[in-house]
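Dear colleague,

Please find below the structure that I am handing over to you. My notes on it follow directly after the sequence and the coordinates.

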Amino acid sequence: TQLIKRPQKHRKKKPLMLPLRMKYPTHLLAYLQSRGIRPDIIKRCLDSGVLYEGRYNGEAVCVFTGSDDTGVVRFACMRGIGSDLKRDCSGSDKRFNFHLLPKQGTSGALAAFEAPIDALSHVILQPDWEGHRLSLSGTSDVALIAFLERNPHINTLSLCLDNDDAGRTGSEKIEGGLARDPRFSHIKVSVDPPADGE
């Protein structure tokens, strides 16, 4: 008897489900300022559309977004303002993660972080550093590899993952993976976890 091959079902990509956007981000402003993020940095993010205050299950949340090269939002993650909620929005494509552009012009430098709030903190701690800042949503290299593929001019990478077991292990894996990939052999990689704690 001959086996009949059934056509493979292609899983349809879920649409990105963004939380309701609030007109006035008062809770977001208070929360991020309490975390040490300056108002001018928050305003820059709000104005560029990579951040907004949303509502999720009746709760105020910070929504951090990432867009593709045409400006379409393809990724979003939420951080609870009055809770410890941390999650990606349904339908998010991690290849297009939260990304802060350099203030002026182009740059060949990139710093990678586990979370958007870490990238914002880096702006405060390293005000003179001019480069791209990218969130990975953890220690996966999916967002990083996709970013490097789209931006072949990047020549230096600082891995600023958390200073804990997961962060250190993640940094080692990413550094090793990049070293073995000939596409990224031109990139100078350094591992630069936060000096204190996570």
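Two strands are said to pair if DSSP finds at least two bridges between them. By that rule β3 and β4 are paired, since seven bridges link them in the antiparallel sense. Please bear in mind throughout that this is a predicted model.

**The antiparallel sheet**

β3 and β4 belong to an open sheet of five strands, ordered β1-β2-β3-β4-β5, with antiparallel pairing. Its edge strands are β1 and β5 (86-88), each of which pairs on one side only. In general, strands of a sheet pair through backbone hydrogen bonds, in either a parallel or an antiparallel arrangement.

Going through the pairs, β1 (residues 20-21) and β2 (residues 51-56) run antiparallel and are joined by two bridges. Here Arg21 stands opposite Gly54 of β2. The antiparallel pair of β2 and β3 has six bridges, and Glu53 faces Cys62 of β3 across it. These two strands form a hairpin with two residues between them, in which Asn57 adopts a positive phi near 55°. Between β3 and β4, Gly66 is placed opposite Phe75 of β4. Helix α1 lies across β2, β3 and β4, and runs at about 115° to β2.

**Asp68, in the loop after β3**

The loop between β3 (59-67) and β4 (73-80) contains Asp68. Is this residue, Asp68, buried or exposed? Asp68 has a relative accessible area of 15%, and it counts as buried because the limit is under 20%. The side chain of Asp68 makes a polar contact of 2.7 Å with the side chain of Thr70. Beyond its neighbours within four places in sequence, Asp68 is in contact with Arg74 and Phe96.

**The nonpolar cores**

The largest nonpolar core consists of 24 residues, and those with the most contacts inside it are Leu32, Leu51, Cys62, Leu100 and Leu120. At least two residues of this core come from each of α1 (26-34), α2 (39-48), β3, β4, β7 (109-113) and α3 (116-125). The largest share, four residues, is supplied by α3. Leu32 may serve as an example: not counting residues up to four places away in sequence, it touches Ile37, Ile42, Leu51, Cys62 and Ile117. There is also a second, separate core of 17 residues, which includes Ala143, Phe147, Leu148 and Phe184.

**The mixed sheet**

Another open sheet is formed by five strands in the order β6-β8-β7-β9-β10, and its pairing is mixed. The edge strands are β6 (99-100) and β10 (188-191), each pairing on one side only. Within this sheet, β7 and β9 (residues 156-159) pair in the parallel sense over four bridges, with Ala111 standing opposite Ser158 of β9. Helix α4 (residues 142-150) lies across β6, β7, β8 (132-135) and β9, and its direction is at about 145° to β8.

In viewing the model, you may wish to begin with the pair of β3 and β4, then turn to Asp68 in the loop between these strands, and finally to the pair of β7 and β9.

With kind regards

Terms used:
Residues numbered from 1 in each chain as written. Predicted model: local features only at pLDDT ≥ 70, side-chain atom pairs only at ≥ 80, totals over all residues. Heavy atoms only, no water. Buried < 20%, exposed > 50% of the residue type's maximum accessible area, 1.4 Å probe, protein only. Polar contact = N/O pair within 3.5 Å; in protein donor to acceptor, adjacent residues only side chain to side chain. Contact = heavy atoms within 4.5 Å. Core = buried A, V, L, I, M, F, W, Y, C linked by side-chain atoms within 4.5 Å. Axes fitted to C-alpha atoms, helices over the stretch in contact; angles between N-to-C directions.
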